[in-house]
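Student: I have a protein model to go through and would like some help reading it. Could we take it step by step?

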Amino acid sequence: MKVKHIFQKILVVLCIVSISSCDYLDIVPDNTLTVEHAFKSRYEAEGYLYGIYGFLPSFADAAANPALLGGDEVWYMERAAVNGRLWNIARGFQGTAAPLGDYWASNYDSKRYDLNGGLAIFTALRDCNIFLENVDKVIDLSEDECIRWKAEVKFLKAYFHFWLLRMYGPIPIIRENLSMDDPGLIYRAPVDEVVEYIVSLIDEAVTDLPPKIDDIMLELGRATQPIALAVKAQTLTLAASPLFNGNPDYATFVDKSGTQLFPVEYSAEKWKRAADALKEAIDAAHGTDESGSKLFDFKRETVYGSNLNEKTVMAMQVRGAVTERWNSEIIWGASNSGTGNLQRMCHPIFFVVQGTGGIHNNYAPPLHIVEQFYTKNGVPIEEDKDWVGVEIYKLRMGDEDHKLYIAQNQETMNLHFNREARFYGSITFDNGTYYGNGRITSDNNLWVTKLKEGAGSSVPERSLSTGYQCKKLLHYMTSVPDDNSNMSIYEYAFPIIRLADLYLMYAEALNEWKAAPDDEVYEYIDLVRARTGLEGVVDSWSKYAVPEAAGKPLTQDGMREIIQRERMNELAFEGIRFWDLRRWKLAKEYMNKIIWGLNTFGEGNDYYTVQKVYQLSFMDKDYLWPIRQGVIMKNNNLVQNPGW
C-alpha cells in the first residue's frame, strides 16, 4: 500500500505562505496582511503547519544531512552523481566564510537550503512562533484540532532547538519573535538553559499529542507522544554526555557578558535523568496494546520472510528495520525526503549496462567499518579467541556452510567469513550474496556481488573508493533490469528514531549512572543482540573472548566500550555514528585515522591489496559547528565557537 504523506503538500503550501526572512535571527517582518491571510481559515492554517514540518532536515539526503557523508562511516568519490558537498566536512574543508551544512544563517532559496547544504532553522523557529501566536484566531478550526496543532508546533520548536544545540552547543533561545521596531541583538544561552527550554516545550506539548497516528494515509510522520518523549530523551542524553557534561575544553568559553556557556562541573545526575526519560520514551513507544513499537522481525512483518532460510532472515533483520515501510520499530520516520539517491548509491551493479546511469555505485564503507562488526560469536574480531592468528586479508573459497552469505567456490577474504548477521545485512563485498533485485520469493538463487570484476568502474565517479558498498540502506524490492539502468525505487521513510536506538541509549545511560553494570544494563542491549541471533554480552565475552577481555562486560569502562561498539554496529549508516562520536568526545580519536580500502582498480587479486585512501583530520574545534562570519559581524553579542 502506497502511503500518502503530509509533506507532499509542502510545495503547494510554500506558494500560499510567503513571509520574508531576516538577515541573522528571528525578526517578524512587517507583513501583517500575509499573516492574517495564513490564518483566516482552517485550510490556510493547516498549510502553514505543513510548511513548518517542511523545515525538518532532509534526513535521507546526503547533500543536506551532514551525518551521512560528513564522518568516517562511508567514503565518496570526486564528481559523483549526487552532490557530495557535505563530504567535504569529513575531508577537513569546513570554514567560517560559508560553513558546510550551515543551519544557522537564513535568506535561502525557495527550497530553504543554501548552496552548502544548510537549512534556515531560525526561520523555522520564527514560523513556529507566528503559528502559536495566531492559530487561535482561525474561526473554523475545532478546539481539539487547535490544541493538537499547537502541541505539534511546540514539539517542532523543541526539535529545531535540539538540532541547533547538537551542532553549535549554546544557541539563542527563540521563545518569541522580536519586532522590527525592537530587533535586539540576542545572546547565546548556556547549554543547560537550552536543554531545560527544550525539555519544557516537550513537557508542555506531550499530553496534547496523540499516542499514535490513526490516519496512516495522511498523517504518518507527524508528531506523537512517543516521538516527543524520544526527542526529550535524546536531548537529556546529549546533555549528560562528555561533550556537554563538564567538558574541561569549554571551561573558559563565555559570551561577551561574561556568562559561562558550558557547565564546568560533571554531573552524574544528568545520566540518571536521561535514563528516566529514556525509560519513559520506551514505555510510550511500547504502548498498551499490540499496535505499539517492537523490534522489527523480518519473518513476522514481511510477505516472504517465512520462505527464507534462517540465516537470510537474520541478515535481513537490521536491513529491514531501516527500510521496511513504517515497520513496528520505527518511532519516527522521515516523510520529507525520498531515499532514491541513497539507494542508487548503494545498489550493486550486476551487469555493465547497469552502471551507465541508473546506479551511482559510490557509497563505500571504509575497511575499518567492515572490520568493526562482530564475529559470529558476538565479540570484536580483535577480542575473539577463535580469530587469534587468522590472516584476515588472506583469500579463501566460499563453502557450503557460508553459501547464503558467500558464493560457493568463489574467492574472498577471511575477513568476510564467520561474521555476525548484521555484517551480512549491512556490507556488500566481493563474491558476497545479495537478497533482493527481483529475487525475493526465496533464497535458493541469490545474486552474487562481483565487485572485483569492476562493472562500471571504468567511470571513476561511479566506482567504490574502498572496494565495499553499503547494503543496509537498500530495500529488497528496489530493483534494476538486467539489460538497462532504469531503477525501480521502493521508497521508505528513512528512520530518524527507531526502538533499538532508544534501547541502546537506555543501556548507556544506566551504565553511566550505576557504579557497575547489572542485569538492568544488560537487558536492553541483549534484546537488540538477540534479534540477530547473538548471545547476551556476558555470555558472549565469557565464552568466546580472549582471556584478558573475558570480563569486559563486568566493569563500567568495559561495558561503555561494548555499548558504544553495539551502537556503531546496530545503527551503522543511519546518521547516528556522526553525532555519537561527537557527544562521546571520541571524534578526535576516530577521525584522525587513515581511511583504508581495497584496490578498486586493481586487476585480478590485486583488488584485495589494502591501500590508503585518505588521511582524516579532526581538531578540537570540529566538535562544534562554526557560525558564519557574516552572522557574527551583524550581531556583536554573538561569540564564535572555540577554535573558529
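Tutor: Let us begin with a term: a residue is buried when its relative accessible area is under 20%, exposed when it is over 50%, and partly exposed in between. With a relative accessible area of 32%, E520 is therefore partly exposed. Please keep in mind that this is a predicted model.

Student: What does E520 pair with in a salt bridge?

Tutor: Its partner is K514, and the N to O distance between the two side chains is 3.0 Å. K514 has a relative accessible area of 18%, so this residue counts as buried. Elsewhere, salt bridges with shared partners link ten residues into one network: E329, E420, R422, K472, R498, R529, R531, E566, E570 and E574.

Student: Why do such side chains pair at all?

Tutor: Side chains of opposite charge can pair when their charged atoms come close.

Student: How many salt bridges are there in the whole structure?

Tutor: The search finds 47 salt bridges. One of them is between K150 and D136, at 3.2 Å from N to O. K150 belongs to helix α7 (residues 143–168), while D136 sits in the loop between α6 (121–134) and α7, so the pair ties together parts that are 14 residues apart in sequence. D136 is exposed at 51% relative accessibility, and K150 is partly exposed at 23%.

Student: And R567 with D501, are they buried or exposed?

Tutor: R567 is buried, with a relative accessible area of 3%, and D501 is buried as well, at 3% relative accessibility. The closest N and O atoms of their salt bridge are 2.9 Å apart. R567 lies in helix α19 (residues 556–570) and D501 in helix α16 (residues 499–513), so this bridge ties together parts that are 66 residues apart in sequence.

Student: Changing topic: how many helices and strands does the protein chain have?

Tutor: The protein chain has 22 helices and 12 strands. Its radius of gyration is 24 Å, close to the 26 Å from the globule rule for 644 residues, so the chain is as compact as a globular protein of that length. Along the principal axes, the C-alpha trace spans about 75 × 55 × 50 Å.

Student: What share of the residues is buried?

Tutor: Buried residues account for 62% of the 644 residues. The chain exposes about 23600 Å², and carbon and sulfur atoms supply 50% of that area.

Student: Which residues form a nonpolar patch on the surface?

Tutor: I216, M217 and L218 form one, with about 230 Å² of accessible area together. I216 is in the loop between α8 (191–206) and α9 (225–240), and its relative accessible area of 37% makes this residue partly exposed.

Student: Where is the confidence low?

Tutor: The pLDDT stays under 50 over residues 1–32, although the model has 93 contacts for them beyond four places in sequence. Residues 107–115 also have a pLDDT below 50, and that stretch has 31 contacts beyond near neighbours in sequence. For the protein chain the average pLDDT is 90, and 90% of the residues score at least 70.

Student: What about phi angles: what is special about N437?

Tutor: Most residues other than glycine have a negative phi. N437 is not a glycine, yet its phi is positive, at about 55°. N437 is found in the loop between β7 (432–434) and β8 (447–449), and is buried with a relative accessible area of 5%. K585 also has a positive phi without being glycine, near 60°. K585 lies in the loop between α20 (577–583) and α21 (587–590), and is partly exposed at 27%.

Student: One last residue: what does E324 touch?

Tutor: Leaving aside residues up to four places away in sequence, E324 touches F296, E301, T302, H475 and Y476. E324 is in the loop between α12 (310–323) and β3 (330–334) and counts as buried at 14% relative accessibility. E324 and E491 are 167 residues apart in sequence, and their C-alpha atoms are 9.1 Å apart in space.

Notes: Residues are numbered from 1 along each chain as its sequence is written. This is a predicted model: local features need pLDDT of at least 70, side-chain atom pairs count only at pLDDT 80 or more; totals for chains, interfaces and linings use all residues. Side-chain values use heavy atoms; hydrogens and water are left out. pLDDT is the predictor's confidence in each residue, from 0 to 100. Contact means heavy atoms within 4.5 Å. Patches are made of residues with over 30% relative accessible area and no salt bridge: like charges are joined within 9 Å, nonpolar side chains (Val, Leu, Ile, Met, Phe, Trp, Tyr) within 5 Å. Accessible areas come from the Shrake-Rupley method with a 1.4 Å probe; for residues, only the protein chains shown count as cover. A salt bridge is a side-chain nitrogen of Lys or Arg within 4 Å of a carboxyl oxygen of Asp or Glu. Helices (H or I, at least four residues) and strands (E, at least two) are DSSP runs, numbered from the N terminus. Buried means under 20% relative accessible area, exposed over 50%, partly exposed in between (1.4 Å probe, protein chains only). The radius of gyration is taken over C-alpha atoms; the globule rule is 2.2 Å times the number of residues to the power 0.38.
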